[in-house]
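Biologist: Got a minute to walk me through this one? I'd like to start with the empty space inside.

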Amino acid sequence: MLPWRRLLRPLAVLSLAAALVVPTGAAHAASAPSSGWNNWSCKPSAAHPRPVVLVHGTLGNSVDNWLGFAPYLVHRGYCVYSLDYGQLPGVPLFHGLGPIDESAGQLGVFVDKVLASTGAARTDIVGHSQGGMMPNYYLKFLGGAPKVNALIGFAPDNHGTTLSGLTQLLPYFPGAEDLISASTPGLADQIAGSAFVTKLNAGGDTVPGVKYTVIATRYDEVVTPYRSAFLSGSNVHNVVLQDLCALDLSEHVTIALTDRIAWHEALNALDPAHAERTTCASVFS
């Protein structure tokens, strides 16, 4: 193999990782909150009877991905929990890189822990990016559906992604796809047309008994095309953020990290009986 090809193989992996990265904040997983969210003494109220499980995106973790949204929910009276999943040996903080089917198993264990702690019969799940897509594997293949009322995704890559065309360049770099699959299988699983994505969506996008909400953004540079986030089914609500507020410029990362308009729409999905129309003014709610 020519020397330049040997160099391009690891560069392909790094490029995919950089494209999917969720920037971390000042806190990190080692300092997970002991009060507020991840409060294992929390008991759901009559107003909010289901705990909420937050599922981070690729290269995120249980704290940094939710520094804004978790307190937003706690302030409104929800019991809120977040997990780390998809860890690779020797890679701290940046998770979601392991095989997604195994990550879904980790989610299942965590959901059982939350239900046992809170005494609730079912939970609601809110995920960002891979964290909005991976739970559907848990629902479809790991027996999670009876334990989950709703799955809400911020920019989930439900049908995989082309990463703005970057994945289509992989065949031009011999061995790059094999290297990505071996080194970071969680990245390879998210490529449009992968064996994982094909299995995930075979036989229909959803399962009966679970309510699905997908909140996408036209400015998504990671999940491309952005409509690949959408699910089909009678139990699905797909919405484009800019249809709620044309002035909203959030892209893939900020839709979950800082966007109170997206958060408000997620809140409506968590409590549809008290839903209020989401508009640009929802940023103040």
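Modeller: Sure. Keep in mind that this is a predicted model. The lining of the largest cavity has six nonpolar residues, four polar ones and no charged ones.

Biologist: How much space lies in that largest cavity?
Modeller: About 30 Å³.

Biologist: And how many cavities of 30 Å³ or more does the structure hold?
Modeller: One.

Biologist: Which residues line the largest cavity?
Modeller: Among them are Gly 132, Leu 151, Ile 152, Gly 153 and Pro 156. Tyr 212, Thr 213 and Val 214 are in the lining too.

Biologist: Which strands supply at least two residues each?
Modeller: Strand 4 (148-154) and strand 5 (211-216).

Biologist: OK, on to pockets. What is the volume of the largest one?
Modeller: About 180 Å³. Its lining has four nonpolar, five polar and three charged residues.

Biologist: Which element gives the most to that lining?
Modeller: Helix 10, with three residues. The full lining is His 48, Tyr 72, Arg 76, Tyr 78, His 264, Leu 267, Asn 268, Asp 271, His 274, Ala 275, Glu 276 and Ser 285.

Biologist: And the second largest pocket, how much space is in there?
Modeller: About 150 Å³. Strand 5, strand 6 (236-240) and helix 10 each give two or more residues to its lining. Lining residues include Lys 211, Tyr 212, His 237, Glu 265 and Asn 268.

Biologist: What about the classes in that lining?
Modeller: Four nonpolar, four polar and two charged.

Biologist: New topic: aromatics. How many aromatic pairs does a search of the whole structure find?
Modeller: Nine. One of them is Phe 69 with Tyr 72, and that pair is stacked. The centres are 5.9 Å apart, with 20 degrees between the planes.

Biologist: Where do Phe 69 and Tyr 72 sit relative to each other in the chain?
Modeller: They are three residues apart in helix 2 (residues 69-75), so about one helical turn separates them. Both Phe 69 and Tyr 72 are buried.

Biologist: What about Phe 69 and Trp 263, how is that pair arranged?
Modeller: The ring centres are 5.8 Å apart and the planes are at 50 degrees, so the pair is tilted. This pair links distant parts of the chain. Phe 69 is in helix 2 and Trp 263 is in helix 10, 194 residues apart.

Biologist: Why do Phe 69 and Trp 263 count as buried?
Modeller: Buried means under 20% relative accessible area. Phe 69 counts as buried because its relative accessibility is 0%. Trp 263 is buried because its relative accessible area is 4%.

Biologist: Which residues form the aromatic cluster?
Modeller: Trp 66, Phe 69, Tyr 72, Phe 154 and Trp 263.

Biologist: Now Ser 82. Where is Ser 82 found?
Modeller: In strand 2 (residues 80-83). Ser 82 is buried, with a relative accessible area of 5%.

Biologist: Which side chain does Ser 82 join in a polar contact?
Modeller: That of Trp 37, at 2.8 Å. Leaving aside neighbours within four places in sequence, Ser 82 also has contacts that include Leu 54, Trp 66 and Phe 110.

Biologist: Last one, Ser 282. Buried or exposed?
Modeller: Buried, because its relative accessibility is 4%. Ser 282 lies in the segment after helix 10 (260-270). Outside its neighbours within four places in sequence, Ser 282 is in contact with Arg 260, Ile 261, His 264 and Arg 277.

Biologist: How far are the C-alpha atoms of Ser 282 and Cys 245 separated?
Modeller: By 9.2 Å, with the two residues 37 apart along the chain.

Terms used
Residues are numbered from 1 along each chain as its sequence is written. This is a predicted model: local features need pLDDT of at least 70, side-chain atom pairs count only at pLDDT 80 or more; totals for chains, interfaces and linings use all residues. Side-chain values use heavy atoms; hydrogens and water are left out. Helices (H or I, at least four residues) and strands (E, at least two) are DSSP runs, numbered from the N terminus. Buried means under 20% relative accessible area, exposed over 50%, partly exposed in between (1.4 Å probe, protein chains only). A polar contact is a pair of N or O atoms within 3.5 Å; within protein, one must be able to donate a hydrogen and the other to accept it, and residues adjacent in sequence count only if both atoms are side-chain atoms. Contact means heavy atoms within 4.5 Å. On a 1 Å grid over the protein atoms alone, a cavity is a set of points where a 1.4 Å probe fits but cannot get out, and a pocket is an open set with protein on both sides within 12 Å along at least five of seven lines; lining residues have an atom within 4 Å of a point. Grid points are joined across faces, edges and corners, and a volume is the space filled by probe spheres set on the points. Ala, Val, Leu, Ile, Met, Phe, Trp, Tyr, Cys and Pro count as nonpolar, Asp, Glu, Lys and Arg as charged, and the others, Gly among them, as polar. Rings of Phe, Tyr and Trp (its six-membered ring) pair if their centres lie within 6.5 Å; planes under 30 degrees apart count as stacked, over 60 as edge-to-face and the rest as tilted.
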